[in-house]
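The following paragraphs walk through a structure by way of its helix packing and the meeting of its chains. Please keep the coordinates at hand while reading.

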Number of protein chains: 2
Amino acid sequence: MNVEDIAKKAKEVSYQLVDISTEVKNRVLLRAAELIEEKREVIEKENKKDLVAGEEKGLSKAMLDRLLLNEKRIKGMVQVLHDVAALNDPVGEVIKMWKRPNGLKIGKMRVPLGVVGIIYESRPNVTVEAASLCIKSSNAVILKGGSEAINSNRVLVSILKEAAASEGFPEEAIQFMDTTDRSAVKEMLQLDEYIDVVIPRGGEGLIRFVAENARMPVIKHYKGVCHVYVDEFADLEKAWKICFNAKVQRPGVCNAMETMLVHSAVAEAFLPKMIGMFKEAGVEIRGCDRTRAFAPDYVKPATEDDWYAEYLDLILAVRVVDSLDEAIDHINTYGSHHSDAIVTENYTNGMKFLNRVDSAAVYINASTRFTDGNVFGLGAEMGISTDKVHVRGPMGLEDLTIPKYIIFGDGQIRE
Amino acid sequence: MNVEDIAKKAKEVSYQLVDISTEVKNRVLLRAAELIEEKREVIEKENKKDLVAGEEKGLSKAMLDRLLLNEKRIKGMVQVLHDVAALNDPVGEVIKMWKRPNGLKIGKMRVPLGVVGIIYESRPNVTVEAASLCIKSSNAVILKGGSEAINSNRVLVSILKEAAASEGFPEEAIQFMDTTDRSAVKEMLQLDEYIDVVIPRGGEGLIRFVAENARMPVIKHYKGVCHVYVDEFADLEKAWKICFNAKVQRPGVCNAMETMLVHSAVAEAFLPKMIGMFKEAGVEIRGCDRTRAFAPDYVKPATEDDWYAEYLDLILAVRVVDSLDEAIDHINTYGSHHSDAIVTENYTNGMKFLNRVDSAAVYINASTRFTDGNVFGLGAEMGISTDKVHVRGPMGLEDLTIPKYIIFGDGQIRE
């Protein structure tokens, strides 16, 4: 396997994709869904090889779980293919068009990014999610999955290619780096001539490695240190419900709350009951001195590191603040600019929080747990961007395109 | 001067900018315009220092010309400040908003990028252009100009800061790297914690250096290898006019034509006159064999390198092709994805070219010379992006913002 050949082939074929009809692309996706259902046993057999090898290598239980393709997850992949087929095709959409004094008509039309490299770890379902979004948006894709999922990924890619070939979609638009050699990633990251953008999906180590080595643009998803701020004008019933949900419903994900901020004016009315609820759910609390005053035996002292921490666990940092400004400053300073919420009934405070908190998703009176492409209504997502260029937050199908300028003239020249 | 302190200060102050009213921002720009007019003599005196030093260092005539701030260029800077003040403020614009089944209202609202680093060479007017766009879009800016323009840049920055201070706009939002030490750039490119995006403006060497060393996103402007394709269904009168304009009107810029492609069916009718026009204008022509057949004494043979060349001069590569597909393949293979035009009266060929040519700006029946933020109607421009993420083509005020998600709830939690 030659990495440069793969990338070059992807680039060459990418120019043909822009003109392929939505109908053909949808047929590829639906055919892939059928094939996945038909070949469930083969997929499970290949996946089993990865699981056995993973156990032998001593992968953690969590890693093995991410690797697993059971009936539910296979159905999930089929569902994603149907969902993406149902989405509007963004390619060719003219989002604006205007006329200049010289008669030129200038428009912005969505086109594919070109060649998208996806570098991901363990979860083989990403193969199908990422490829389906690239197919639908007329991008060529280069898939580089984790070495631990090589057998699962190989069979899924072969199914996607079979579906493409059967519907007249160039199967070379789906490239797979069939290797467990990590140096292939480094090589891939040098090929900015052929690869237009790279999206790493995985742990912080992988993302930093990609960001530091890539010569092409990278769309990154770093950690989620999310906050809920309970304002002095909060409806406390809503606040208890939202904070509990944001921490406890699924603590291991990036949009779960990691730090709760409470205005001092409501601390006494709000915190004792809230701490009790968390205690009952087994949440470890690390608080500032004023928080600890309400439950000194239960709440551990927070250190400076706790304000930066992404626990991804049933642990929560809590701080009492004296003003909305202090809460906003805390979030902008210690947070990861992912998802943050205010609970308040005060219009002005809500709007100020919305404007001044510099995060990809800012909420008034709702749980941070909603930050997700599907939940937002974008359909499947390619990830959640914590970058500040191209896309912030959930990256949907549209974000795999970019407007180019189209200009209609009738002989205009520049004077 | 400590680079990290500068970047940190810019980041801190950037959070205050989002709430500053359009009115205040416009007053800063108009006050800066006044001050530049008032202080014209001081500016010219400081600029003179740079010119004298440049001459001593033996800078080329072209370099010295770019460095020069004469009356016309100073007026140009004043005009840019007025133009940017007149533009719509993109910050806070909600470009979409929808409702989810659970009642959540989700919108996308434009916010500043945060801290924008501009690394540029020789031309001191860039100081004012770049800073004015950043002020208007509520971004903090870090300006790192060329060492040869240090005195000119220093006085322009002091004027901008004075204007900011007089109108209550935080002057720390305009940061200037007051150094001629190149290692400061390398240091700056490591500070992804504080700088959200870097825009290099200058030659290819500078841009490659920035792209390879930056840890934050970079918006790049590489070369412009632009084409005009004269289709078999071209109106030849338009074709002669457009091709002549695209090559001759200002050959030293990125949107000038570097290669002309001609369909073989019209080569005989089109090329002899066209070659004559170019000859008269002093354009050196390097052609394929079929081009040379029309004027073997004048047209030099083109080599493979000529198809890749950005001459930025009165030199033109010419190739005869046998089909629209061949023209499109040539452009996508050898071009730089900047600006390309077709001359045709055939609807289907025009639309196919528009869809399949993978360039930032694709024209039907107009000169490529129009690719420019001002000419497109975007107002001033920050540069022309040849990247495929965030923005393609002229980068205007709006492209210095990015939508974030805003979510209005009334107590929603995730089940």
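In this predicted model, a useful place to begin is chain A, where helix α6 (residues 125–136) packs against helix α7 (residues 150–166) at an angle of about 30°, the two axes lying 9 Å apart. Since angles under 35 degrees count as roughly parallel, α6(A) is therefore roughly parallel to α7(A). The crossing in which α6(A) passes α7(A) is right-handed. On the side of α6(A) the contact is formed by Thr127(A), Val128(A) and Ala131(A), while α7(A) contributes Asn153(A), Leu156(A), Val157(A) and Leu160(A). Sorted by class, the residues of this contact between α6(A) and α7(A) comprise five nonpolar and two polar ones, with no charged residue.

Helix α6(A) also has a second partner to consider, for helix α5 (residues 71–86) of chain A packs with α6(A) at an angle of about 10°, their axes being 10 Å apart. Because of that angle, α5(A) is roughly parallel to α6(A). From α5(A), the residues Arg73(A), Met77(A), Val80(A), Leu81(A), Val84(A), Ala85(A) and Ala86(A) meet a set in α6(A) made up of Asn125(A), Val128(A), Glu129(A), Ser132(A), Leu133(A) and Lys136(A). The contact of α5(A) with α6(A) holds eight nonpolar, two polar and three charged residues. Val128(A) is thus named both in the contact of α6(A) with α7(A) and in the contact of α6(A) with α5(A).

These helices can be set against a record for the chain: an unreviewed UniProt entry lists residues 2–279 of chain A as "domain: Aldehyde dehydrogenase". Over residues 2–279 of chain A, the chain is 53% helix and 16% strand, and the end C-alpha atoms are 55 Å apart.

In chain B, helix α3 (residues 40–57) and helix α7 (residues 150–166) pack at an angle of about 155°, with 7 Å between their axes, so that α3(B) is roughly antiparallel to α7(B). Here α3(B) supplies Val42(B), Ile43(B), Glu46(B), Asn47(B), Lys49(B) and Asp50(B), and α7(B) supplies Ile150(B), Asn151(B), Ser152(B), Val155(B), Leu156(B) and Ile159(B). By class, the contact of α3(B) with α7(B) has six nonpolar, three polar and three charged residues.

What remains is the meeting of the chains themselves, in which 80 residues of chain A are in contact with 80 residues of chain B. Between them, chain A and chain B bury about 6,600 Å², of which 54% is on carbon and sulfur atoms. Within chain A, the residues that lose the most area to chain B are Tyr15(A), Tyr405(A) and Arg414(A), which together account for 13% of what that side buries.

Definitions and conventions:
Residues numbered from 1 in each chain as written. Chains lettered and ligands numbered in written order. Predicted model: local features only at pLDDT ≥ 70, side-chain atom pairs only at ≥ 80, totals over all residues. Heavy atoms only, no water. Axes fitted to C-alpha atoms, helices over the stretch in contact; angles between N-to-C directions. Helix = DSSP H or I, 4+ residues; strand = E, 2+ residues; numbered from the N terminus. Parallel < 35°, antiparallel > 145°, perpendicular 65-115°, else oblique. Left-handed = near helix turned anticlockwise from the far one by under 90°. Contact = heavy atoms within 4.5 Å. Nonpolar A, V, L, I, M, F, W, Y, C, P; charged D, E, K, R; others polar. UniProt positions renumbered as here; feature names shortened; annotations may be inferred. Buried area = accessible area lost by both parts, 1.4 Å probe.
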